[in-house]
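This briefing is meant to be read beside the sequence and the model. It takes up the contact between the chains, and then the sheets and the helices that pack on them.

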Amino acid sequence: MLVINQLKAAYGQVQVLHGIELTIPKGQVVTLIGSNGAGKTTTMRAISGMLKPTGGSITLGGKNITGLPAHRIARIGLAHSPEGRRVFPTQSVRDNLLLGAFTRLTFGGKRARGDIQGDLDRALDIFPRLRERQFQQAGTLSGGEQQMLAMARALMLNPDVLLLDEPSMGLAPILVEEVFHIIGRLKAQGMTMLLVEQFASAALAVADYGYVLENGRIAVHGPAEQLRNDPKVRAAYLGIVQH
Amino acid sequence: MDILLQLLMSGVALGMIYAVIAFGYQSTFATSGTLNFGQGEALMLGAMVGLSLSGDIMGGPYVNYWLMVPLVLLFGALQGALVEFVGVRPAIKTKSEFGWIMSTIALGIIFRNVAENVWGRDDLPFPSPLPTTPIHLFGANVLPMELMVVVGAILMMALVEFFNRRSIYGKAVVATSSDRDAAGLMGINTGLVITFSYALSSMSAAFAGVLIAPITLTGASMGAVLGLKAFAVAIIGGLTSGLGVIVGGLLLGVAETTTGFYVSTGYKDVPGLVLLLLVLAIKPSGLFGKTTIKKV
């Protein structure tokens with residue numbers, strides 16, 4: 001579904017990604033783990049077009065999307081729930097969700113319209129807290145609720161691939177559990193996902209396949225089960241790299 | 001008392017003109033953090049094009065005032081889109097912090113020069129579409145055109161607000177204003193939203209131009225002072241607050257008419273600008289400016 005080949009990216013003069021190879025097959029959950037500053041978020045940003053890659057290629061469902069602006073990548077069918085939630089604070093929860101469906105609601109959007117009202121209802125079923133607060137300004141939600149909204153908003157695109165960047169960041173333990181439960185549900189429904197998580201063990205538990213990122217390079221990759229038992233990866237969970 | 005009421009009413013009409021132009025400043029600032037410093041010239045061009053269409057200076061009148069207004073709005077929108085495309089887009093693309101300031105000022109000067117060559121340097125009268133005999137309202141004399149200024153200004157701002165709240169495209173504009181990157185992830189072409197906001201900005205200025213032209217004179221230099229004062233209004237009211245520009249506009253309008261009468265017309269611009277300095281010193285985000293709350 002999503003194939004990333006020799007991806008390079010930089011912030012100004014600082015090279016962050018030095019040629020990353022990732023494959024996310026249809027219907028699978030792939031997780032990207034690594035310590036702070038390894039380049040996980042940068043990888044996500046380069047895939048979704050928030051950051052223009054400096055090299056390599058990205059194909060989504062056979063289409064080359066390398067270097068396209070974010071809005072065109074979204075129209076092809078990739079949703080990205082970004083780090084830091086990034087909900088639209090002055091607009092209502094419901095409006096945030098409708099904006100998630102922007103590509104389905106508009107002429108230039110190109111995504112099939114489908115049943116938007118039904119999807120809105122389904123999103124509010126998955127996240128009942130949002131149903132209670134659907135007419136409230138998104139900026140007034142708690143951090144956890146905003147995270148739910150960011151995920152629900154990404155789902156409203158009805159994406160072929162969903163990128164989730166640190167969906168559990170800053171959440172209370174009980175909410176972290178809920179977030180992983182929801183990721184499991186989405187997986188059961190056949191959603192293709194790329195997951196970046198600080199809780200690497202939980203991420204590897206839900207994922208089919210995992211990649212370990214170190215200093216902008218893929219250090220190890222393999223089936224999630226295998227990575228969970230790899231002593232070197234266990235060290236990398238903690239952000240300690242032993243040579 | 002009657003005189004004060006009279007002054008207040010004239011001040012309100014003038015203030016609403018400022019508010020409409022300042023509204024234009026807000027719309028581009030919200031989406032892109034940039035301003036069109038040629039707003040005054042956009043107003044002037046709107047008035048001149050309006051006069052050419054419904055006055056007799058270019059062999060017309062071709063259409064009456066009411067049919068002319070939508071044509072001028074369309075012209076204003078195209079002119080604003082042109083300014084964005086030529087002057088602002090390159091600056092945003094190269095992340096130049098000040099490029100757009102110079103380029104919008106430069107485009108404004110070019111537009112004024114063109115206008116001077118096309119329509120001459122003299123001020124021209126703009127035929128009023130409404131009777132020019134004042135009507136009595138609460139003991140004050142008000143020109144019907146002044147009333148139309150107020151109604152037209154409120155109507156325009158209400159329509160834009162309605163668009164922003166109710167249509168998915170309006171919501172996309174608001175989303176672009178609050179987080180451009182996140183809006184892009186929704187599939188919103190934020191570059192196009194910025195072009196649209198420039199079109200809207202110049203369109204409101206052109207609208208202000210055809211509203212005010214019948215009560216003043218029309219000429220190539222009519223926009224400069226209005227554009228500057230409306231900028232002061234936008235700063236006083238707050239560049240991020242819709243209500244702010246109305247209050248700021250009314251404050252400046254009334255301050256001008258009352259000072260002009262009670263003190264001296266020579267000083268009529270002073271209180272408004274003093275207010276501007278005070279606001280900048282005490283509450284730089286403007287009287288109604290919001291500081292966004294970010295939850296971490």
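In this predicted model, Arg86(A) and Asp179(B) form a salt bridge in which the closest N and O atoms are 2.6 Å apart. Between chain B and chain A the count is three salt bridges, while the structure holds 18 over all chains. The points below begin with this interface and then move to two open sheets of chain A, one of six strands and one of four.

**The interface between chain B and chain A**

- The contact draws on 29 residues from chain A and 20 residues from chain B, and together the two chains bury about 2,100 Å², with 63% of that area on carbon and sulfur atoms.
- Five residue pairs are found in polar contact across the interface of chain B and chain A, both residues of each pair being at pLDDT 80 or more.
- On the side of chain B that touches chain A, the elements that give two or more residues are helix H6 (168-178) and helix H7 (180-185) of chain B, and H6(B) gives the most, with seven residues.
- The residues on that side of chain B divide into eleven nonpolar, five charged and four polar.
- A salt bridge also joins Asp95(A) to Lys171(B), where the closest N and O atoms are 2.9 Å apart; this pair crosses between chains, running from helix H3 (residues 93-100) of chain A, which holds Asp95(A), to helix H6 of chain B, which holds Lys171(B).

**The six-strand sheet of chain A**

- Six strands of chain A form an open sheet with mixed pairing, and their order is S6-S7-S8-S3-S9-S10.
- Strand S6 (78-81) and strand S10 (217-223) of chain A are the edge strands, each of them pairing on one side only, and neighbouring strands of this sheet are turned against each other by 15 degrees on average, direction ignored.
- Within the sheet, strand S7 (residues 161-165) and strand S8 (residues 192-196) of chain A pair in the parallel sense over five bridges, and Val161(A) has Thr192(A) in S8(A) as its bridge partner.
- Helix H1 (residues 40-48) of chain A packs on this sheet, where it touches strand S3 (29-34), S6, S7, S8 and strand S9 (209-214) of chain A, and its direction makes about 150 degrees with that of S7(A).
- Helix H7 (residues 143-155) of chain A also packs on the sheet, touching S6 and S7 of chain A, and its direction makes about 175 degrees with that of S6(A).

**The four-strand sheet of chain A**

- The open sheet of four strands in chain A has antiparallel pairing and the order S2-S1-S4-S5, with S2 and strand S5 (63-64) of chain A as the edge strands, each pairing on one side only.
- Strand S1 (residues 2-11) and strand S2 (residues 14-24) of chain A pair in the antiparallel sense over eight bridges; among the bridge partners, Leu2(A) is matched with Ile24(A) in S2(A), and Val3(A) is matched with Thr23(A) in S2(A).
- S1(A) and S2(A) form a hairpin with two residues between them, and Gly12(A) in the turn has a positive phi of about 60 degrees.
- S1(A) also pairs in the antiparallel sense with strand S4 (residues 55-60) of chain A, over five bridges; here Lys8(A) has Gly55(A) in S4(A) as its bridge partner, and Leu2(A) stands opposite Leu60(A) in S4(A).
- Helix H1 of chain A, which packs on the six-strand sheet, also lies across S1, S2 and S4 of chain A and runs at about 110 degrees to S1(A).

Note on methods: Residues numbered from 1 in each chain as written. Chains lettered and ligands numbered in written order. Predicted model: local features only at pLDDT ≥ 70, side-chain atom pairs only at ≥ 80, totals over all residues. Heavy atoms only, no water. Contact = heavy atoms within 4.5 Å. Buried area = accessible area lost by both parts, 1.4 Å probe. Salt bridge = Lys/Arg side-chain N within 4 Å of Asp/Glu carboxyl O. Polar contact = N/O pair within 3.5 Å; in protein donor to acceptor, adjacent residues only side chain to side chain. Nonpolar A, V, L, I, M, F, W, Y, C, P; charged D, E, K, R; others polar. Pairing = 2+ DSSP bridges. Axes fitted to C-alpha atoms, helices over the stretch in contact; angles between N-to-C directions.
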